[in-house]
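Work through the exercises below with the sequence and the model open. Try each task before reading its solution.

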Amino acid sequence: MRLISLGIIAAFSLAAPAFAYDGTNCKAPGNCWEPKPGFPEKVEGSEYDPQHDPAEVSKQGDSLAAMGNRNEWRIWNKKETGEFEYDVKKIPGFEEGKAPPS
(Lines give C-alpha, C1' and ligand atoms only; values in the text may rest on other atoms or scores of the structure.)
Protein backbone atom coordinates (compact mmCIF):
# COMPACT_ATOMS: atom_id res chain seq x y z
CA MET A 1 0.00 0.00 0.00
CA ARG A 2 2.85 2.35 0.87
CA LEU A 3 4.54 1.61 -2.47
CA ILE A 4 1.37 2.47 -4.37
CA SER A 5 0.93 5.77 -2.54
CA LEU A 6 4.58 6.69 -3.21
CA GLY A 7 4.04 5.90 -6.89
CA ILE A 8 0.96 8.14 -7.04
CA ILE A 9 2.81 11.00 -5.34
CA ALA A 10 5.74 10.62 -7.74
CA ALA A 11 3.42 10.63 -10.74
CA PHE A 12 1.66 13.82 -9.59
CA SER A 13 4.95 15.56 -8.85
CA LEU A 14 6.22 14.77 -12.36
CA ALA A 15 2.95 15.93 -13.95
CA ALA A 16 2.68 19.14 -11.89
CA PRO A 17 4.47 21.39 -14.43
CA ALA A 18 1.91 20.40 -17.07
CA PHE A 19 -0.92 21.61 -14.87
CA ALA A 20 0.82 24.85 -13.86
CA TYR A 21 0.11 26.86 -17.06
CA ASP A 22 -3.31 28.44 -16.90
CA GLY A 23 -3.32 30.19 -20.31
CA THR A 24 -3.76 33.72 -18.97
CA ASN A 25 -1.15 35.18 -21.35
CA CYS A 26 -2.76 33.94 -24.57
CA LYS A 27 -3.28 36.58 -27.27
CA ALA A 28 -6.09 34.49 -28.77
CA PRO A 29 -7.46 31.01 -28.06
CA GLY A 30 -4.68 28.60 -28.97
CA ASN A 31 -2.10 31.37 -29.56
CA CYS A 32 -0.11 31.22 -26.34
CA TRP A 33 3.42 31.52 -27.71
CA GLU A 34 5.63 33.98 -25.87
CA PRO A 35 9.26 34.80 -26.61
CA LYS A 36 11.78 33.80 -23.97
CA PRO A 37 13.27 36.68 -21.99
CA GLY A 38 15.83 38.50 -24.14
CA PHE A 39 14.29 37.41 -27.46
CA PRO A 40 12.58 40.03 -29.63
CA GLU A 41 8.81 39.98 -30.16
CA LYS A 42 9.38 39.70 -33.95
CA VAL A 43 12.28 37.63 -35.29
CA GLU A 44 12.29 39.27 -38.74
CA GLY A 45 15.02 41.89 -38.94
CA SER A 46 16.56 40.93 -35.59
CA GLU A 47 19.85 39.19 -34.90
CA TYR A 48 17.92 35.88 -34.76
CA ASP A 49 16.56 36.24 -38.32
CA PRO A 50 18.04 33.37 -40.39
CA GLN A 51 17.88 35.43 -43.64
CA HIS A 52 17.63 32.47 -46.00
CA ASP A 53 19.23 32.82 -49.41
CA PRO A 54 16.43 32.68 -52.04
CA ALA A 55 18.65 30.62 -54.35
CA GLU A 56 19.09 27.98 -51.64
CA VAL A 57 15.37 27.95 -50.87
CA SER A 58 14.43 27.46 -54.54
CA LYS A 59 16.73 24.42 -54.94
CA GLN A 60 14.09 22.02 -53.66
CA GLY A 61 11.49 23.36 -56.08
CA ASP A 62 13.92 23.00 -58.96
CA SER A 63 14.78 19.42 -58.02
CA LEU A 64 11.08 18.54 -57.75
CA ALA A 65 10.45 19.97 -61.23
CA ALA A 66 13.35 17.95 -62.65
CA MET A 67 12.03 14.83 -60.93
CA GLY A 68 8.59 15.41 -62.47
CA ASN A 69 10.18 15.78 -65.90
CA ARG A 70 12.10 12.51 -65.53
CA ASN A 71 8.90 10.74 -64.43
CA GLU A 72 7.08 12.07 -67.51
CA TRP A 73 9.79 10.51 -69.69
CA ARG A 74 9.55 7.20 -67.82
CA ILE A 75 5.78 7.08 -68.26
CA TRP A 76 6.05 8.02 -71.94
CA ASN A 77 8.64 5.28 -72.50
CA LYS A 78 6.46 2.72 -70.69
CA LYS A 79 3.52 3.58 -72.96
CA GLU A 80 5.69 3.37 -76.07
CA THR A 81 7.67 0.21 -75.34
CA GLY A 82 5.62 -1.56 -72.70
CA GLU A 83 8.68 -1.84 -70.43
CA PHE A 84 9.57 0.42 -67.52
CA GLU A 85 13.07 1.91 -67.67
CA TYR A 86 14.24 3.65 -64.48
CA ASP A 87 17.44 5.11 -65.96
CA VAL A 88 16.17 7.97 -68.13
CA LYS A 89 19.56 8.21 -69.88
CA LYS A 90 18.75 4.89 -71.56
CA ILE A 91 15.49 6.30 -72.99
CA PRO A 92 16.02 7.38 -76.62
CA GLY A 93 15.49 11.10 -77.16
CA PHE A 94 15.75 12.09 -73.48
CA GLU A 95 17.14 15.54 -72.77
CA GLU A 96 17.13 17.10 -69.32
CA GLY A 97 14.40 19.77 -69.15
CA LYS A 98 12.81 18.78 -72.46
CA ALA A 99 9.28 17.37 -72.43
CA PRO A 100 8.68 13.94 -73.96
CA PRO A 101 6.94 13.77 -77.35
CA SER A 102 3.16 13.87 -77.22
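## Layout of the chain

Read along the sequence, the pattern is α-α-α. The model is predicted: local features need pLDDT of at least 70, side-chain atom pairs count only at pLDDT 80 or more, and totals for chains, interfaces and linings use all residues. Residues are numbered from 1 along each chain as its sequence is written, and side-chain values use heavy atoms, with hydrogens and water left out.

**Exercise 1.** State how many helices and strands the chain has, and what percentage of its residues count as buried.

*Solution.* Step 1: the chain has 3 helices and 0 strands. Helices (H or I, at least four residues) and strands (E, at least two) are DSSP runs, numbered from the N terminus. Step 2: 10% of the 102 residues count as buried. Buried means under 20% relative accessible area, exposed over 50%, and partly exposed in between, with a 1.4 Å probe and protein chains only.

## Helix H3

**Exercise 2.** Compare the span of H3 with the expected span, list the buried residues of H3, and say what follows H3.

*Solution.* Step 1: H3 has 23 residues and reaches 33 Å from its first C-alpha to its last. This is close to the 33 Å expected at 1.5 Å a residue; the expected span is 1.5 Å times one less than the number of residues. Step 2: Asn 69, Trp 73, Arg 74, Trp 76 and Asn 77 are the buried residues of H3. Step 3: Gly 82 follows H3 and has a positive phi, near 85°.

## Aromatic pairs

**Exercise 3.** Which rings are linked into a cluster with Trp 73, and how are the pairs arranged?

*Solution.* Step 1: the whole structure holds 3 aromatic pairs. Rings of Phe, Tyr and Trp (its six-membered ring) pair if their centres lie within 6.5 Å; planes under 30 degrees apart count as stacked, over 60 as edge-to-face and the rest as tilted.

Step 2: the ring centres of Trp 73 and Trp 76 are 5.5 Å apart and the planes are at 80°, so this pair is edge-to-face. Both residues belong to helix H3 (residues 59-81) and are 3 residues apart, about one helical turn. An α-helix has 3.6 residues a turn, so residues three or four places apart point the same way.

Step 3: Trp 73 also pairs edge-to-face with Phe 94, at 5.6 Å centre to centre and 85° between the planes. Because Trp 73 lies in helix H3 and Phe 94 in the segment after H3, the pair ties together parts that are 21 residues apart in sequence.

Step 4: check burial. Trp 73 is buried, with a relative accessible area of 1%, and Phe 94 counts as buried at 17%. Trp 76 is buried as well.

Step 5: the ring pairs thus link Trp 73, Trp 76 and Phe 94 into a cluster.

## Charged side chains

**Exercise 4.** Find the salt bridges, and say where the residues of each pair stand in accessibility.

*Solution.* Step 1: a salt bridge is a side-chain nitrogen of Lys or Arg within 4 Å of a carboxyl oxygen of Asp or Glu. By this rule there are 2 salt bridges.

Step 2: Lys 59 and Glu 56 meet at 3.1 Å, N to O. Lys 59 is partly exposed at 48% relative accessible area, and Glu 56 is partly exposed at 47%.

Step 3: Arg 70 and Glu 96 meet at 3.9 Å, N to O. This pair links distant parts of the chain, with Arg 70 in helix H3 and Glu 96 in the segment after H3, 26 residues apart. Arg 70 is partly exposed at 26%, whereas Glu 96 counts as exposed at 53%.

## The loop between H1 and H2

**Exercise 5.** Locate Gln 51 and describe its phi and its accessibility.

*Solution.* Step 1: Gln 51 is in the loop between H1 and H2. Step 2: the phi of Gln 51 is near 50°, a positive value in a residue other than glycine. Most residues other than glycine have a negative phi. Step 3: Gln 51 counts as exposed, at 61% relative accessibility.
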